[in-house]
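This report concerns the packing of strands and helices in one protein chain. The structure is shown below, followed by a description of selected elements.

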Amino acid sequence: MYQPGIEAMDRRSLERLQLDRLGETLVRVYERVPFYRQAFDKANVKPEDIRSLDDIRRLPFTKKADLRDNYPFGLFAVDRREAVRLHASSGTKGKPTVVGYTRRDIANWSDIVARAIVTAGGRPEDVFHNAYGYGLFTGGLGLHYGAEQLGMTLVPVSGGNTPRQVTLVEDFKPRGIAGTPSYVLNLAEYMEDQGKDPRKTSLEYGIFGAEPWSEEMRQTLEEKLGLSAVDIYGLSEVMGPGVSIECAAQQDGLHVAEDHFYVEVINPVTLQPVPAGETGELVFTSLTKEAFPIIRYRTGDMAFLYPEPCECGRTHTRMSRIKGRLDDMVIVRGVNVFPSEIESVLMSHPNLSPYYQVHIHRVGTMDQISVVAEVSEAFVDTAGGFNIDSDLFRQVKHEVMHELRNALLISTRVHLTEPRSLPRSEGKAVRVIDQRNLYQGETAKDRV
Ligand code: DLL
């Protein structure tokens with residue numbers, strides 16, 4: 001059952017609980033999953049050698065490729081018949097990665113998400129509009145079971161069919177909405193197109209995640225929709241949404257559900273832990289999962305842990321917003337750039353709309369970035385139609401290039417494009433188009 005208060009447990013008791021649960025998980029994987037037994041044996045470590053939480057560093061990492069190599073059920077720690085649900089990633093590069101859940105896993109996940117919704121400002125009596133996609137993606141069903149567990153009146157809309165979503169928001173009057181930030185922005189855009197004011201809906205809070213977004217995007221969503229926007233993080237390999245969530249009180253850092261997941265941040269090159277406050281790769285170990293326990297999973301997501309506790313009173317540690325994915329990082333003359341940093345610059349510019357794409361190419365041994373940014377409709381009016389050669393357009397382009405150079409310390413190419421010319425997403429937005437290291441015969445489109 002969802003126990004309000006466990007997220008404010010004192011740290012010593014929490015760490016004791018983590019160590020107990022880690023011990024059980026290690027025995028479980030060592031006895032039941034040949035992959036882990038071999039990996040532990042190779043690293044010359046046995047479950048009983050892990051006597052403190054710090055000892056976890058002696059365990060080997062797990063990577064996405066390990067999941068693919070053991071497709072579909074090779075990493076399950078239960079007989080397949082004990083799994084009551086499967087989820088899978090979309091698998092753009094070959095086989096998807098498959099994860100499984102026992103009945104107890106689903107119950108725990110529901111509790112974690114119920115708690116996350118409360119943390120975000122939700123209440124059992126709310127109508128809750130769930131616009132995350134239903135299906136193999138964990139977003140839809142993850143939020144669904146959490147909302148039901150909390151006792152909310154859940155509207156399982158899934159993604160897409162935007163006109164109907166608007167009608168449902170108007171008629172059912174939800175207090176809360178969940179969806180990718182890019183899709184909920186589309187919803188607002190559609191309402192504006194219909195001459196409706198998105199600020200006038202019943203919505204008071206939004207639970208946004210599953211894709212990188214910035215503080216500037218938060219501001220845009222909050223202003224456009226008149227709600228409070230919080231960040232939710234998760235990944236199917238570890239569980240799904242709810243691994244961490246921001247609290248409505250502070251909206252500053254995401255509390256990790258530490259009673260279920262042990263979090264580390266490592267330097268992705270040296271693989272050594274980095275101190276709190278320093279950005280590195282997030283690594284998670286599940287502490288309660290039965291069907292698909294995961295040990296030291298390298299997420300490829302870059303973030304840092306907050307050194308200080310949150311003023312909201314929760315003792316669960318906070319991680320920062322995801323700065324970007326390790327795979328999307330661009331290194332230009334020794335400077336590391338994440339496409340999400342580009343979003344911050346673009347969204348602060350008054351003449352651009354919140355829609356953009358970042359293309360990454362490699363020329364020789366150098367990475368290069370081009371940014372395609374949509375201008376806002378208001379600007380097109382003042383600039384007298386869409387004329388890319390006008391002085392005003394040239395000036396905006398120049399300003400954007402300059403601001404990007406100041407913020408990122410590298411030069412980028414900038415192309416301005418007409419309002420509504422970039423694709424709108426119904427789920428995760430595809431904003432980064434990486435054309436480096438394409439496989440033979442693959443085009444950048446195959447990757448997205
Ligand atoms: O995206 C789970 C989820 C659903 C999270 C709904 C939040 C809300 P996957 O499809 O396995 O799972 O994708 C996981 O998405 O490794 C991150 O790169 C990215 N991601 C998820 N949440 C955030 C976030 C779901 N809040 C991958 N900010 C992760 C930035 C995020 N990136």
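## The four-stranded sheet

In this predicted model, four strands form an open sheet in the order E19-E18-E17-E20, and their pairing is mixed. The edges are occupied by strand E19 (413–417) and strand E20 (432–434); each has a single partner strand, so one side of each is left without a neighbour in the sheet. On average, neighbouring strands of this sheet are turned by 20° against each other, direction ignored.

Strand E18 (residues 366–375) runs parallel to E19 and is joined to E19 by five bridges. Within this part of the sheet, Val371 is positioned opposite Val414 of E19.

## Helices on the sheet

Helix H9 (residues 339–347) packs on the sheet, where it touches strand E17 (352–363), E18 and E20. The direction of H9 makes about 145° with that of E17.

Helix H11 (residues 391–408) lies across E17, E18 and E19. Relative to E19, helix H11 runs at about 140°.

## The H6 and H7 helix pair

Two packed helices are described by the angle between their axes and the distance between the axes. For helix H6 (residues 162–172) and helix H7 (residues 181–193), the packing angle is about 80° and the axes are 10 Å apart. H6 is therefore roughly perpendicular to H7, as the range for that description is 65 to 115 degrees.

The contact brings Thr162, Pro163, Gln165 and Val166 of H6 to Tyr183, Leu187, Tyr190 and Met191 of H7. Classified by residue type, the contact of H6 with H7 comprises six nonpolar, two polar and no charged residues.

Technical notes: Residues numbered from 1 in each chain as written. Predicted model: local features only at pLDDT ≥ 70, side-chain atom pairs only at ≥ 80, totals over all residues. Heavy atoms only, no water. Pairing = 2+ DSSP bridges. Helix = DSSP H or I, 4+ residues; strand = E, 2+ residues; numbered from the N terminus. Axes fitted to C-alpha atoms, helices over the stretch in contact; angles between N-to-C directions. Contact = heavy atoms within 4.5 Å. Parallel < 35°, antiparallel > 145°, perpendicular 65-115°, else oblique. Nonpolar A, V, L, I, M, F, W, Y, C, P; charged D, E, K, R; others polar.
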